[in-house]
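Reader: I'm at the bench with this model open and I'd like a close look at just one part of it. Could you take me through the cysteines and the loops around them, and what sits where?

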Amino acid sequence: MESSNHRLRDMEQHHPLLAAGADVEAGSLGAGVMVGGPNAGHSEGNRTVWFIQDSCGMVCATMTWFLVLYAEFVVNFVMLLPAKNFWYSLLNGATFNSLAVLALASHLRTMLTDPGAVPKGNATKEYMESLQLKPGEVIYKCPKCCSIKPERAHHCSICKRCIRKMDHHCPWVNNCVGEKNQRYFVLFTMYIALISAHALGLSGMHFFTCIKVQWNECSDFSPGVSVLLLIFLCLEAILFLTFTAVMFGTQIHSICNDETEIERLKNEKPTWERHMRWDGMKSVFGGPPSLLWCNPFTGLRLRRLLVMTQGRRGGSEFSV
């Protein structure tokens with residue numbers, strides 16, 4: 001679509017002029033306002049819950065919860081509750097369960113938070129005229145979702161949307177990791193790594209203790225069942241510790257260098273002003289360093305959450 005003032009190119013990447021944080025006048029994504037359908041507009045009263053209806057992603061997300069709850073079961077009922085040392089059980093139980101709650105909360109925030117989706121179908125003549133572009137300026141249109149692409153946005157074939165600062169699509173959280181939910185994804189990987197390391201330490205301590213005494217005195221389960229449960233927990237903990245620790249390090253490196261994984265793989269040269277190290281961390285986690293960086297509940301409003309849960313299905317997301 002061309003006019004005397006600007007040209008619109010049907011391209012999927014490379015230096016669009018629309019700022020990454022710009023909202024669309026008709027159909028903008030305001031803070032906490034999610035998309036409800038392929039052509040849903042966005043207004044102050046139209047709020048939706050972001051949820052991708054992808055079979056593989058939903059299975060992986062369910063498996064994540066199952067494995068965390070399995071670890072909680074083994075740690076609490078096989079190792080800690082039968083232990084004779086009350087303070088050992090209390091301190092380790094409080095620590096492990098707190099980290100598990102934070103991990104699952106981070107997982108939910110990552111999965112149910114709009115990662116920075118660009119409104120569908122906003123590449124209209126009226127909207128482009130409202131941009132008041134200068135002669136010769138070029139903007140880019142995504143041919144897959146018919147949206148004007150902001151800088152650093154990429155199209156996700158699973159979410160079927162263009163995502164601002166898209167890092168990658170993670171099936172374990174059934175969502176893209178992008179501009180608005182990267183913080184929660186980093187917290188999720190950190191807390192999973194911590195509970196995995198804690199579970200490994202508790203398992204090693206339990207094996208060491210039970211070798212000295214009878215296995216019947218170490219657990220309320222039979223020795224065979226206890227050993228099988230602990231072995232599976234150790235394998236799970238080693239696998240998740242390795243995966244999430246590497247992912248956590250990769251995410252922190254990307255944030256400090258202000259470069260997404262897609263941009264790194266495509267070797268895209270930055271055309272934006274890069275936020276290096278602490279500036280990049282502040283832009284993702286918000287504000288100066290504090291304990292709030294580690295809190296996945298920050299910014300969560302109970303009233304808004306209750307309103308958002310009363311919705312209907314629309315497109316690839318649940319809408320209200």
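Author: Here is a walk through those loops, with a short side trip at the end. What you have is a predicted model, in which local features need pLDDT of at least 70, side-chain atom pairs count only at pLDDT 80 or more, and totals for chains, interfaces and linings use all residues. Numbering starts from 1 along each chain as its sequence is written, and side-chain values use heavy atoms, with hydrogens and water left out.

Let's start with the loop between strand S3 (137-142) and strand S4 (147-148), where you'll find Cys146; strands here are DSSP runs of E, at least two residues long, and helices are runs of H or I, at least four, both numbered from the N terminus. Cys146 is one to click on, since its phi is positive, about 55°, even though the residue isn't a glycine. As for the solvent, Cys146 comes out as partly exposed at 36% relative accessibility, where buried means under 20% relative accessible area, exposed over 50%, and partly exposed in between, with a 1.4 Å probe and protein chains only.

Further along is Cys156, which is tucked away: at 3% relative accessibility it's buried. Now for the thing you probably want to know: how many disulfides does the structure hold? The answer is 0, with a disulfide taken as a pair of cysteine sulfur atoms within 2.5 Å. Then what about Cys156, and which cysteine sulfur is closest to its own? That would be the sulfur of Cys176, at 3.2 Å, so the pair is too far apart for a bond. If you're after a cysteine with more solvent around it than the buried Cys156, look at Cys294, which is partly exposed with a relative accessible area of 33%.

Next comes the loop between strand S5 (153-156) and S6, home to Lys160 and also to Cys159. The two residues don't get treated alike by solvent: Cys159 is buried, at a relative accessible area of 0%, whereas Lys160 is partly exposed at 47%. Lys160 also has a positive phi, near 60°, in a residue other than glycine, so there's a backbone oddity here as well as in Cys146, where phi is about 55°. Cys159 has a long-range partner to look at too: Gln53 sits 106 residues away in sequence, but the C-alpha atoms are 8.5 Å apart in space.

One loop further on, between strand S6 (161-164) and strand S7 (168-170), you reach Asp167. Is this acidic side chain's residue buried or exposed? Asp167 is buried, with a relative accessible area of 2%. Its C-alpha lies 9.5 Å from that of Arg264, with the two positions 97 residues apart in sequence.

The side trip is to His198, which belongs to helix H4. His198 counts as buried, at 16% relative accessibility. Follow the chain back 103 residues and you get to Thr95, yet from C-alpha to C-alpha His198 and Thr95 are 8.9 Å apart.

To pull the loops together: Cys159 and Asp167 are both buried, at 0% and 2%, while Cys146 and Lys160 are both partly exposed, at 36% and 47%.
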